[in-house]
Amino acid sequence: MQLKPYSSARDEYSKTEGIFLDANENPYGTLNRYPDPNQLEVRQELSKLKKVAVNNIFISNGSDEIIDLCFRVFCKPGVDKALSFSPSYGMYKVSAAVNDVELLEVPLDINFDIELETLTPLISDKHIKLIFICSPNNPTGNTFSKEKIEFILKKFNAIIILDEAYIDFSETESLTSMIGSYKNLLVCQTFSKAWGLAAARVGIGYADTYLISLLKKIKAPYNVSQLNQEAALFALKDLIHYKNTIERILIAKEELKYELVKLDSIRKVYPSQANFFLIESPDAIALYNALVQENIIIRQRHKLVPNCLRITVGTPEENKALINAIKNIDEKSFIYR
Ligand SMILES: Cc1ncc(COP(=O)(O)O)c(C=O)c1O
């Protein structure tokens with residue numbers, strides 16, 4: 001790739017001490033200076049925690065930025081294709097469309113697992129440049145086996161984006177340990193979920209250094225603000241809080257599941273390795289609308305998986321409010337009987 005990235009003032013001189021008259025900044029204030037374009041401190045802290053070398057880490061404006069960058073780096077608009085599984089995270093489709101790239105959506109099987117046989121005819125398609133694997137998958141909550149992911153990594157001549165946005169809630173191990181073995185693997189994580197920083201917009205990519213150098217070539221020079229970098233650093237330095245919150249969410253998740261399965265209007269609660277449940281209802285639209293009337297908003301997934309809704313695990317109080325509201329709806333309703 002011949003592209004030359006913009007070389008910012010902070011790229012050309014990265015020390016922090018001195019009289020800075022190089023970036024046309026305002027000399028007054030507290031947020032007057034441009035942030036570190038390479039997010040070094042955040043990457044150093046993450047490196048210690050995740051046992052991944054600093055140069056194998058890329059920081060983005062939310063992991064959605066990485067999804068978009070991948071289309072822009074690896075796909076020729078109107079020519080190349082990407083592949084994802086269905087149902088999965090909706091942003092792959094949106095980003096594909098924005099970048100004028102065809103997205104092939106391969107259906108998951110009845111257990112929401114990848115059927116490798118459905119991929120076999122696609123291996124020879126040289127235009128497939130990106131494959132999105134979301135594990136734990138949104139909205140189904142299940143993970144995919146390392147063996148299946150490795151099969152895809154080996155068979156396809158494409159970049160495999162393993163979206164691990166929910167991995168910190170899961171018992172399944174992250175596959176960041178495999179980036180040394182597969183140069184086409186890009187593992188994405190985020191500060192938006194287990195780290196509790198969705199408002200800050202900080203995403204993480206782990207990959208081979210060459211792949212990272214390509215992302216760096218086209219990212220906006222200052223893609224992560226000073227405030228956002230500080231928010232991530234603050235979180236990274238308080239691991240007790242991070243672990244406590246995950247533990248509280250996982251306890252609340254079990255309690256929520258225990259209650260959900262007892263309700264008339266819930267036919268099935270799918271197993272989940274994330275901080276949400278996909279549930280099936282005899283009438284998902286009616287249940288969704290009735291909950292909105294009670295000011296409780298869950299996610300309508302009916303179009304992706306018939307009669308299904310996605311429920312995020314909230315605080316114990318929020319979960320209790322949800323359960324009570326559904327109980328009341330069930331009592332008033334005759335549609336489920
Ligand atoms: C699977 C998955 N990947 C990525 C994201 C986006 O994360 P971020 O907030 O880092 O852009 C989400 C957000 O819901 C998600 O569900």
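What follows is a walk through the nonpolar cores of this predicted model and the helix that feeds the main one. Local features need pLDDT of at least 70, and side-chain atom pairs count only at pLDDT 80 or more, while totals for chains, interfaces and linings use all residues. Residues are numbered from 1 along each chain as its sequence is written, and side-chain values use heavy atoms, without hydrogens or water.

Start with the largest nonpolar core (buried Ala, Val, Leu, Ile, Met, Phe, Trp, Tyr and Cys residues joined through side-chain atoms within 4.5 Å). Buried means under 20% relative accessible area, exposed over 50%, partly exposed in between, with a 1.4 Å probe and protein chains only. This core has 78 residues. Phe85, Leu119, Ile131, Ile133, Ile152 and Leu260 touch the most other members. Helix 9 (residues 239-260) is the top contributor, with six residues. Domain 1 (9-237) and domain 2 (240-332) both supply residues, so the core lies between them; the bounds come from an automatic or database domain assignment.

Now take Ile131. Neighbours within four places in sequence aside, its contacts (heavy atoms within 4.5 Å) include Leu83, Phe85, Ile152 and Phe156. A second, separate core holds 27 residues, among them Ile67, Ala82, Cys134 and Leu186.

Turn to helix 9. Helices (H or I, at least four residues) and strands (E, at least two) are DSSP runs, numbered from the N terminus. Its buried residues are Tyr242, Ile246, Ile249, Ala252, Lys253, Leu256 and Leu260. They cover an arc of only 135° around the axis, which puts them on the same side of helix 9; the arc is taken over directions from the helix axis to the C-beta atoms. The face turned away from the buried side carries exposed Ile240, Lys243, Glu247, Arg248 and Tyr258. The buried residues of helix 9 pack against strand 8 (268-269), strand 9 (276-280), strand 11 (308-312) and helix 11 (316-332).
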